[in-house]
Each structure stands twice: as C-alpha cells, then as structure tokens.
Amino acid sequence: MLVYEYDYEQLFYRRLTALREAKHVSAREMSLALGQSGSYINSIENHYGFPTFSSFFAICVYLGVTPKEFFDDGSADPAYLRELIEDLKGLDARDLEMVSRLVKRLRTPLPDKVPVRL
C-alpha cells in the first residue's frame with residue numbers, strides 16, 4: 001500500500017458528497033440519472049469503492065465540473081467559479097482592479113463590534 005502525504009481517497013469521498021449536495025440532489029437521484037442502481041452513489045460515498053474512470057467522467061459531467069475542478073477542494077462551487085472567471089476575462093484592467101478590491105474587502109473579517117453612530 002502506498003502512503004501519500006495527502007489523503008486523496010478521503011478527498012474524493014468528501015468532494016463527491018459536497019458537490020452532489022451543492023447540486024441539491026439525493027444520492028439515489030444522482031445514481032439513477034447516471035444509469036446506475038439507486039444505491040450506487042451512496043455506496044461510493046460510504047467508502048465501498050471507487051467508480052471506474054468512465055463512471056468518474058460521467059459523474060463530473062453530471063455535476064457540471066471538470067475532473068480538475070472535482071479535486072479542487074478550495075472551491076465550493078467550481079462550475080460557478082469557472083463561469084465567473086469567464087466573465088472576468090471580458091473586463092478591462094480598471095474594472096478588474098475594482099473587482100479585486102471588492103473581493104479583498106469582502107474577504108476581510110469585520111470586527112465583532114462595529115460602532116454605531118446615533
């Protein structure tokens with residue numbers, strides 16, 4: 001058995017569940033949509049094996065993600081992020097700077113207590 005620095009098996013199970021739940025479909029619904037038995041996705045999510053490569057690609061298509069995006073656990077909604085990036089490509093440098101500043105501002109945590117002016 002190979003030992004990896006990162007547990008890719010656990011990442012696979014977590015991402016499958018997270019992406020399916022983000023799509024708001026049940027494991028049974030997804031299984032049937034993929035042409036599998038109703039328990040197919042549930043058994044994978046419960047660590048009873050892995051899909052074949054062709055089934056994995058079908059899962060990606062169903063979830064609306066690329067295989068690369070499937071394993072990018074830094075993004076909760078990779079399909080939406082891909083769409084946003086495409087939209088950003090159409091902006092000029094000035095607009096990109098404005099978007100960048102907005103994103104940085106939104107990522108900055110606010111203090112617990114904000115002074116209120118009366």
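1. In which helix is Tyr 80 found? Tyr 80 belongs to helix H6, which covers residues 78-88. Together with Leu 81, Leu 84 and Ile 85, Tyr 80 makes a nonpolar surface patch of about 360 Å². The model discussed here is a predicted one.

2. Overall composition. The protein has seven helices and zero strands, so that the order of elements from the N terminus on is α-α-α-α-α-α-α. Of the 118 residues in the protein, 24% are buried. The protein exposes about 9300 Å², and 58% of that area is supplied by carbon and sulfur atoms. For contacts between residues at least 6 apart in sequence, 50% join residues at least 24 apart.

3. The nonpolar core. In soluble globular proteins, nonpolar side chains tend to be buried together. Here the largest nonpolar core has 17 residues. Those with the most contacts inside this core are Phe 12, Leu 16, Met 30, Ile 41, Ile 59, Leu 63 and Phe 70. Two or more residues each are given to this core by helix H1 (8-22), helix H2 (27-33), helix H3 (40-45) and helix H4 (53-63). H4 gives the largest share, five residues.

4. Surroundings of Leu 63. Which residues does Leu 63 contact, leaving aside its neighbours within four places in sequence? They are Leu 16, Leu 19, Arg 20, Lys 23, Met 30 and Phe 70. Among them, Leu 16, Met 30 and Phe 70 are also listed with Leu 63 as core residues with the most contacts.

5. Charge pairs. Side chains of opposite charge can pair when their charged atoms come close. The count of salt bridges in this model is six. Three of the pairs are taken up in the points below, including Asp 73 with Arg 14.

6. Asp 73 and Arg 14. The closest N and O atoms of this salt bridge are 3.9 Å apart, against a cut-off of 4 Å for a salt bridge. The pair links distant parts of the chain, 59 residues apart. Asp 73 sits in the loop between helix H5 (67-70) and H6, and Arg 14 sits in helix H1. Asp 73 has a relative accessible area of 44% and is therefore partly exposed. Arg 14 is also partly exposed, at 45% relative accessibility.

7. Glu 45 and Arg 20. What is the distance between the closest N and O atoms in the salt bridge of Glu 45 with Arg 20? For this pair the value is 2.7 Å. Because Glu 45 lies in helix H3 and Arg 20 in helix H1, the salt bridge ties together parts that are 25 residues apart in sequence. Both Glu 45 and Arg 20 are buried. These two residues are also linked with Glu 21 in a network of salt bridges. Arg 20 is, in addition, one of the residues in contact with Leu 63.

8. Arg 82 and Glu 69. The side chains of these residues meet in a salt bridge, at 2.7 Å from N to O. Arg 82 is in helix H6 and Glu 69 in helix H5, so the pair ties together parts that are 13 residues apart in sequence. Is each partner buried or partly exposed? Arg 82 is partly exposed, with a relative accessible area of 35%, whereas Glu 69 is buried, with a relative accessible area of 13%. Helix H6, which holds Arg 82, is also the helix of Tyr 80.

Notes:
Residues are numbered from 1 along each chain as its sequence is written. This is a predicted model: local features need pLDDT of at least 70, side-chain atom pairs count only at pLDDT 80 or more; totals for chains, interfaces and linings use all residues. Side-chain values use heavy atoms; hydrogens and water are left out. Helices (H or I, at least four residues) and strands (E, at least two) are DSSP runs, numbered from the N terminus. Buried means under 20% relative accessible area, exposed over 50%, partly exposed in between (1.4 Å probe, protein chains only). Contact means heavy atoms within 4.5 Å. Accessible areas come from the Shrake-Rupley method with a 1.4 Å probe; for residues, only the protein chains shown count as cover. Patches are made of residues with over 30% relative accessible area and no salt bridge: like charges are joined within 9 Å, nonpolar side chains (Val, Leu, Ile, Met, Phe, Trp, Tyr) within 5 Å. A nonpolar core is a set of buried Ala, Val, Leu, Ile, Met, Phe, Trp, Tyr and Cys residues joined through side-chain atoms within 4.5 Å.
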